[in-house]
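Me: Please give me a close look at one part of this model, and then walk me outward from there to the rest. I would like one connected account.

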Amino acid sequence: IIAFGLGVYMGLYAARRYRSTVDTLFSLTAFTLNSMPSFLLGIVLMLVFGVHLRLFPISGMVDVRNPKTGIMLYLDILYHAVLPITTLALILLPSYFKVVRDTALQQLGEDYVTTFRAVGLDEWNIFRRHIFRNAILPPITLFAIRLGYSVAGAAIVETVFGWPGIGRLLLDSIRERDYPVIMGIYLMITTSIVVLSIVTDLIYSILDPRVKTGGAKT
């Protein structure tokens with residue numbers, strides 16, 4: 001969700017300022033993050049914010065030396081999840097950024113945008129009411145697929161940060177040949193992707209009435 005929100009915002013912002021310094025900086029950042037393996041980024045964040053700055057814990061889900069209960073337990077879990085969440089968000093962000101930026105730039109070259117500019121409609125309204133609604137559709141599909149797979153966790157990131165998640169459980173089950181657990185996890189992934197695909201189609205029909213109209217004619 002964090003990667004989706006930041007990626008969409010950065011993509012639209014970069015498209016509005018095409019070939020500017022901001023566009024170049026965002027594109028370079030996205031290219032760098034896209035080419036960096038998740039385990040490497042996780043280790044870098046761990047060394048910087050965990051070892052040197054000592055801002056966040058580098059391993060585990062809770063503080064085993066100082067057990068907590070109640071609301072403090074959930075806050076402790078969230079505190080330990082900051083670095084893993086940041087790693088996953090930065091790894092997934094470039095794909096959303098690139099899709100939104102490219103789609104928005106393509107929409108800027110369409111005839112309806114030229115017409116709106118000719119009648120005096122300001123750029124902010126063009127982006128907010130028209131380009132945004134067209135540019136948000138492709139990342140929604142990507143988001144649904146990514147969210148379906150996220151049910152199984154992130155095995156590499158969980159292993160780096162010692163997080164006892166489903167992804168790490170999947171790796172352990174494969175190594176130990178625990179086939180019932182493996183099949184159960186893949187069943188969860190498949191079910192999640194199917195359900196989220198249906199939800200995505202419903203969202204499409206709300207955001208883009210042409211989808212509903214086309215389906216009715218068919």
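Reply: A helix here is a DSSP run of H or I with at least four residues, a strand is a run of E with at least two, and both are numbered from the N terminus. The model is a predicted one, in which local features need pLDDT of at least 70 and side-chain atom pairs count only at pLDDT 80 or more, while totals for chains, interfaces and linings use all residues. Residues are numbered from 1 along each chain as its sequence is written, and side-chain values use heavy atoms, with hydrogens and water left out.

Let's settle on helix 2. This helix covers residues 21-34, 14 in number, and its first and last C-alpha atoms lie 20 Å apart. That is close to the expected 20 Å, where the expected span is 1.5 Å times one less than the number of residues. Four of its residues, Asp-23, Phe-26, Ala-30 and Leu-33, are buried (under 20% relative accessible area; exposed is over 50% and partly exposed is in between, with a 1.4 Å probe and protein chains only). Those four sit on the same side of helix 2, because they cover an arc of only 105° around the axis (the arc is that of the directions from the helix axis to the C-beta atoms). Turned away from that buried side is a face carrying the exposed residues Thr-21, Leu-25, Leu-28 and Phe-31.

What lies over the buried side? The cover of the buried residues of helix 2 includes helix 1 (2-16), helix 3 (38-52) and helix 5 (82-108). Just ahead of helix 2, the loop that joins it to helix 1 holds Arg-19. Arg-19 has a phi near 65°, which is positive although the residue is not glycine. Arg-19 counts as exposed because its relative accessibility is 70%.

Helix 5, one of the covering elements, is a good next stop. Val-82 belongs to helix 5 and, at 26% relative accessibility, counts as partly exposed. From Val-82 to Ile-58 there are 24 residues in sequence and 9.6 Å between C-alpha atoms. Leu-108 also belongs to helix 5, but Leu-108 is buried, with a relative accessible area of 16%. Beyond its neighbours within four places in sequence, Leu-108 is in contact with Ala-15, Val-113, Arg-117, Phe-127 and Ile-131 (contact means heavy atoms within 4.5 Å). Leu-196, by contrast, is 88 residues along the chain from Leu-108, and 30 Å separates their C-alpha atoms.

Helix 5 also leads to the largest pocket, since with six residues it gives the most to the lining. A pocket is an open set of points on a 1 Å grid over the protein atoms alone, where a 1.4 Å probe fits and protein lies on both sides within 12 Å along at least five of seven lines; lining residues have an atom within 4 Å of a point. The largest pocket has 22 lining residues, and nearest its centre are Leu-88, Leu-92, Arg-146, Ser-150 and Ala-154. Two or more lining residues come from each of helix 1, helix 5, helix 8 (137-150) and helix 9 (155-160). The lining of the largest pocket is made up of 17 nonpolar, three polar and two charged residues (Ala, Val, Leu, Ile, Met, Phe, Trp, Tyr, Cys and Pro are nonpolar, Asp, Glu, Lys and Arg charged, and the others, Gly among them, polar).

Past helix 9, the loop running to helix 10 (166-176) contains Gly-162. Gly-162 is 103 residues from Ser-59 in sequence, yet their C-alpha atoms are 5.1 Å apart. Setting aside residues up to four places away in sequence, Gly-162 touches Ser-59, Gly-60 and Arg-168.

Helix 10 has Gly-167, Leu-170 and Ser-173 as its buried residues. They fall within an arc of 120° seen down the axis, so they line one face of helix 10. These buried residues pack against helix 9 and helix 11, while the face turned away carries the exposed Arg-175 and Glu-176. Just after helix 10 comes Arg-177, with a positive phi of about 55°. Arg-177 lies in the loop before helix 11 (179-207) and, at 63% relative accessibility, counts as exposed.

Stepping back, the protein has twelve helices and zero strands. Of its 218 residues, 33% are buried. Among contacts between residues at least 6 apart in sequence, 68% join residues at least 24 apart.
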